[in-house]
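Colleague: Before we talk about pockets and patches, could you show me the model and then explain the words you use for it?

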Amino acid sequence: MIQNETKSPEILKAERQVEQAKARLAEAKRKESAKKRSDENKHKYMMGGIVHKYFPECYGFDEHELNRIIAAAIKSEQCQRIVEIVKRESVAKVATSESAK
């Protein structure tokens, strides 16, 4: 029985292509993850800026105290009404922009 342990050029080429595809996939996943992290960080900074804008005293409270204050504010009836209004406006805005296409 003859055993040929050498790989043909076609197999070597295919293996290289597989490795290159794996590297491209890993790079694409890394870029997507970095973009997602960047977008999340931008959103966090924006939210922090909004809190500071409307609640400049926020620097005087620690995280636990801020959590209590903001949770109470968001649960308030007035805040919930505004949230619902903004949601409706957002849905209407999307529907309008889609119908314009």
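**Pockets and a patch**

Modeller: This is a predicted model, and a good place to start is the lining of the largest pocket, whose residues divide into twelve nonpolar, no polar and no charged.

Colleague: What makes the residues of that lining nonpolar?

Modeller: The largest pocket is lined by residues including Ile50, Val51, Phe55, Ala73 and Cys79, and because Ala, Val, Ile, Phe and Cys count as nonpolar, these residues are placed in that class.

Colleague: Which helices supply at least two residues each to this lining, and what is the volume of the largest pocket?

Modeller: Helix 1 (9–54), helix 2 (63–75) and helix 3 (77–99) each supply at least two, and the volume is about 420 Å³.

Colleague: How do you know that the lining of the second largest pocket has polar residues?

Modeller: Its lining has seven nonpolar, two polar and no charged residues. Among the residues that line this pocket are Gly48 and His52, and because Gly is counted as polar, as are residues outside the nonpolar and charged lists, both belong to the polar class. Helix 1 gives the most to this lining, with five residues, while the pocket itself holds about 160 Å³ of space.

Colleague: Why is Tyr54 called exposed?

Modeller: Tyr54, which is found in helix 1, has a relative accessible area of 64%; exposed means over 50%, so Tyr54 is called exposed. Together with Met46, Met47 and Ile50, Tyr54 makes a nonpolar surface patch of about 440 Å².

Note on methods
Residues numbered from 1 in each chain as written. Predicted model: local features only at pLDDT ≥ 70, side-chain atom pairs only at ≥ 80, totals over all residues. Heavy atoms only, no water. 1 Å grid on protein atoms, 1.4 Å probe; cavity = no way out; pocket = protein on both sides within 12 Å on 5 of 7 lines; lining within 4 Å. Points joined across faces, edges and corners; volume = space filled by probe spheres on them. Helix = DSSP H or I, 4+ residues; strand = E, 2+ residues; numbered from the N terminus. Patch = residues over 30% accessible without salt bridge, like charges linked within 9 Å, V, L, I, M, F, W, Y side chains within 5 Å. Areas by Shrake-Rupley, 256 points an atom, 1.4 Å probe, with all protein chains shown as cover. Salt bridge = Lys/Arg side-chain N within 4 Å of Asp/Glu carboxyl O. Buried < 20%, exposed > 50% of the residue type's maximum accessible area, 1.4 Å probe, protein only.
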